[in-house]
Amino acid sequence: MFQRLTEYIKTLDIESISNERKDVLTPFISYLKAKLNSGEKITLNFICTHNSRRSHLSQIWAQAMAEYFQLNQIQCYSGGTASTAVYPMTIQVLVGAGFESIKLSQGENPVIGIKYSEDTHPVIAFSKTFDHPFNPSIGFAALMTCSDADENCPFIPGTEKRITLNYHDPKAFDDSPEKEQKYEERSRQIATEMFYVFSNLKKS
């Protein structure tokens, strides 16, 4: 894993996670532990409305934490209820944390490779619906990262578990001087919570 990213991860403070948020994360931890104990591979699909901000932050941080804690049977995806584009500030704050980005295509919805290590395949980031052919169609957990998607997707075909995580949308600050700070705050929150989740798996 890239040294700068590892150093960033070491600054994450799980004591900053409220008891309320730990309660939200408990079903996620329980699901992952059950899958690990049964020796099954784990497929996660993080879902938000536009697959532009929170779902990608969650997917990429979860995949990085699986690498950090050497949980190689975990594969992470993301999707939305509509396809737009990955918002540039989403990528910017990830690069600021130590990831590397490679633009793999141009256009209104570019494909971006997000690397966390020299010797692993990058996470392929582009906006897509949750049922896009790139994503798994059966045997996955659907992680709802926003209340809109949670309310507007009452049924997701192929999922074996639906878990609500719900993060506040940094999009609210897109026209604000606090924009980068708020995206970094959301990215750090998600990183911290994914660290907490995956560290619980490693302990068990």
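In this predicted model, four strands come together as an open sheet, with parallel pairing and the strand order 2-1-6-7. Strand 2 (74–80) and strand 7 (159–164) lie at the edges, each pairing on one side only. Going across the sheet, neighbouring strands are turned against each other by 25 degrees on average, with direction ignored.

The pairing of strand 1 with strand 2 deserves a closer look. Strand 1 covers residues 42–48 and runs parallel to strand 2, and 7 bridges join the two. Within this pair, Asn-45 is found opposite Tyr-77 of strand 2. The same two strands also receive a helix: helix 3, spanning residues 54–68, packs on the sheet and touches both strand 1 and strand 2. The direction of helix 3 makes about 175 degrees with that of strand 2.

Attention then turns to the cysteines. The count of disulfides comes to 0. For Cys-76, the closest cysteine sulfur belongs to Cys-48 and lies 16 Å away, which is too far for a bond, because a disulfide requires the two sulfur atoms to be within 2.5 Å. Cys-76 is also buried, its relative accessible area being 4%. Cys-146 likewise counts as buried, at 1% relative accessibility. Both assignments follow because buried means under 20% relative accessible area.

Definitions and conventions:
Residues are numbered from 1 along each chain as its sequence is written. This is a predicted model: local features need pLDDT of at least 70, side-chain atom pairs count only at pLDDT 80 or more; totals for chains, interfaces and linings use all residues. Side-chain values use heavy atoms; hydrogens and water are left out. Two strands pair if DSSP finds at least two bridges between them. Axes are lines fitted to C-alpha atoms, for helices over the stretch in contact, and angles run from 0 to 180 degrees between N-to-C directions. Contact means heavy atoms within 4.5 Å. Buried means under 20% relative accessible area, exposed over 50%, partly exposed in between (1.4 Å probe, protein chains only).
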